[in-house]
Amino acid sequence: MTSQQSSSRASAANQKAGGVANQLLTNAVPTAEMRPRLQQRPYFDLPAGNVSCIVGQTVTLLCRVRHVGDRTVSWMRKRDLHILTSNIFTYTGDGRFSVLHPESSDDWNLRIEYVQPRDAGIYECQVNTEPKLNLATFLDVEDTTVASGSPLRPGTPAVLTQAVGQASIAGAPEVFVKRGSTISLLCTVSTNQRTGAVTWYQGSSLIDFDAPRGGIALETERTDAGTTSKLLVTRAEMADSGNYTCLPAHARPASVYVHVLNGEHPAAMQHGEHASASSKLVAWSITLLSAIGAITDLL
């Protein structure tokens, strides 16, 4: 073999080795096509943390997600694993919850109005990647509205330290609805001071807007003249009968008794089981006159 042939073979080997090395480097370094996909993986731009507030305040839990793309951002309440929001939509009958997402922003914040003691706990902001991304926030709620003294039974409406107004429920003190229809109760709190939260009770039990039965919603509006709170119970059942109490944080409560009737005669829609003494007297008078008339005809 001549020296010229040896030199040519060495040069070819070097070119081949260089080509393999370049190929390895090309495989190791992301291409321009791959780089955006690696950079756009979603991530939280805020740390997990704790938030404290007082009963009746409005609180915002922060969640900022970079490069969310076409993925879904949700808020979940940890204690019952209830999905509260998904993207800009709300999936709870409790109107106090909403998601704040300014257009074209990376913020997906959870807003809770008129915070209640039961709202305390862990909330998770989640992104449906694989594996799932989640950011936990602990909400601590301080209750300053309950007066000191003997402890309250569970589910009993709290006694207020100061009452600065009076709540009233529109309509008669007794409401009669047919089974399957909607119970609609409008509570108005008139006061020149902040009324704080408005809660609703059925009997001594706090109304659960996320109960398995579904169809329970609350609409609250605050104006300079006071606060209005509208309770809606759709597809009313017999178990929905009872005393309903509207309890503002700093005002005297109001109550109404709801009767759910199972196809009774329209007259029962006016009187129900708890008819007044005068109504019962009229009914007995009519019955007595009818009996006297029948006896007179026989004579």
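How many disulfides does the structure hold? There are two disulfides, and the close-ups below start with them; keep in mind that this is a predicted model.

**Close-up 1. C63 and C125 are joined by a disulfide.**
The two sulfur atoms sit 2.0 Å apart. This disulfide connects distant parts of the chain, 62 residues apart: C63 is in the loop between β3 (59–61) and β4 (65–66), while C125 belongs to strand β10 (residues 121–127). Turn to the S-S bond and you'll find a torsion of about -65 degrees, so this disulfide is left-handed. Both C63 and C125 are buried.

**Close-up 2. The other view of a disulfide shows C187 and C246.**
Here the S to S distance is 1.9 Å. The link of C187 and C246 is left-handed, with -75 degrees about the S-S bond. C187 lies in strand β14 (residues 183–190) and C246 in strand β19 (residues 242–248), so the disulfide ties together parts that are 59 residues apart in sequence. Buried or exposed, where does C187 fall? C187 counts as buried because its relative accessibility is 0%. C246 is buried too, again at 0% relative accessibility. Count the bonded cysteines along the chain and the disulfides of the protein follow the pattern 1-2, 3-4. For another cysteine, have a look at C53: its relative accessible area is 7%, so it is buried.

**Close-up 3. Strand β18 pairs with β14 and with β17.**
β18 covers residues 226–233 and is mostly tucked away, with six of its eight residues buried. β14, the strand that carries C187, runs antiparallel to β18, and eight bridges join the two. One pair to pick out is T188, whose bridge partner in β18 is T228. Strand β17 (residues 216–223) is also antiparallel to β18, joined to it by eight bridges. Within that pairing, R222 stands opposite T227 of β18. How many residues does the hairpin use to join β17 to β18? The hairpin gets from β17 to β18 through two residues. As a reminder for following side chains here, those in a regular strand alternate between the two faces of the sheet.

**Close-up 4. The largest cavity holds about 60 Å³ of space.**
Searching the whole structure turns up one cavity of 30 Å³ or more. Which residues line the largest cavity? The lining is made up of R96, Y114, Q116, R118, A197, V198, T199, W200, L206, I207, F209 and L218. Strand β15 (residues 198–202) gives the most to this lining, with three residues. By character, the lining residues split into eight nonpolar, two polar and two charged.

**Close-up 5. R118 forms a salt bridge with D94.**
R118 is one of the residues lining the largest cavity, so to speak a familiar face from the previous view. The closest N and O atoms of R118 and D94 are 3.8 Å apart. R118 lies in the loop between β9 (109–112) and β10, and D94 in the loop between β7 (89–90) and β8 (97–100), so the salt bridge ties together parts that are 24 residues apart in sequence. R118 has a relative accessible area of 26%, so it is partly exposed. D94, at 3% relative accessibility, counts as buried.

**Close-up 6. D240 and R213 form a salt bridge.**
Their closest N and O atoms are 3.1 Å apart. This pair, too, links distant parts of the chain, 27 residues apart. D240 is in the loop between β18 and β19, and R213 is in the loop between β16 (205–206) and β17. Why does D240 count as buried? Its relative accessible area is 8%, and buried means under 20%. R213 is partly exposed, at 30% relative accessibility.

**Close-up 7. R77, R79, D80 and D210 are linked in a network of salt bridges.**
Within this network, the side chains of R79 and D80 meet at 3.8 Å, N to O. R79 counts as exposed because its relative accessibility is 52%, and the cut-off for exposed is over 50%. D80 is partly exposed, at 35% relative accessibility. How many salt bridges does a search of the whole structure find? The search finds 13 salt bridges.

Note on methods: Residues are numbered from 1 along each chain as its sequence is written. This is a predicted model: local features need pLDDT of at least 70, side-chain atom pairs count only at pLDDT 80 or more; totals for chains, interfaces and linings use all residues. Side-chain values use heavy atoms; hydrogens and water are left out. A disulfide is a pair of cysteine sulfur atoms within 2.5 Å. Helices (H or I, at least four residues) and strands (E, at least two) are DSSP runs, numbered from the N terminus. Buried means under 20% relative accessible area, exposed over 50%, partly exposed in between (1.4 Å probe, protein chains only). Two strands pair if DSSP finds at least two bridges between them. On a 1 Å grid over the protein atoms alone, a cavity is a set of points where a 1.4 Å probe fits but cannot get out, and a pocket is an open set with protein on both sides within 12 Å along at least five of seven lines; lining residues have an atom within 4 Å of a point. Grid points are joined across faces, edges and corners, and a volume is the space filled by probe spheres set on the points. Ala, Val, Leu, Ile, Met, Phe, Trp, Tyr, Cys and Pro count as nonpolar, Asp, Glu, Lys and Arg as charged, and the others, Gly among them, as polar. A salt bridge is a side-chain nitrogen of Lys or Arg within 4 Å of a carboxyl oxygen of Asp or Glu.
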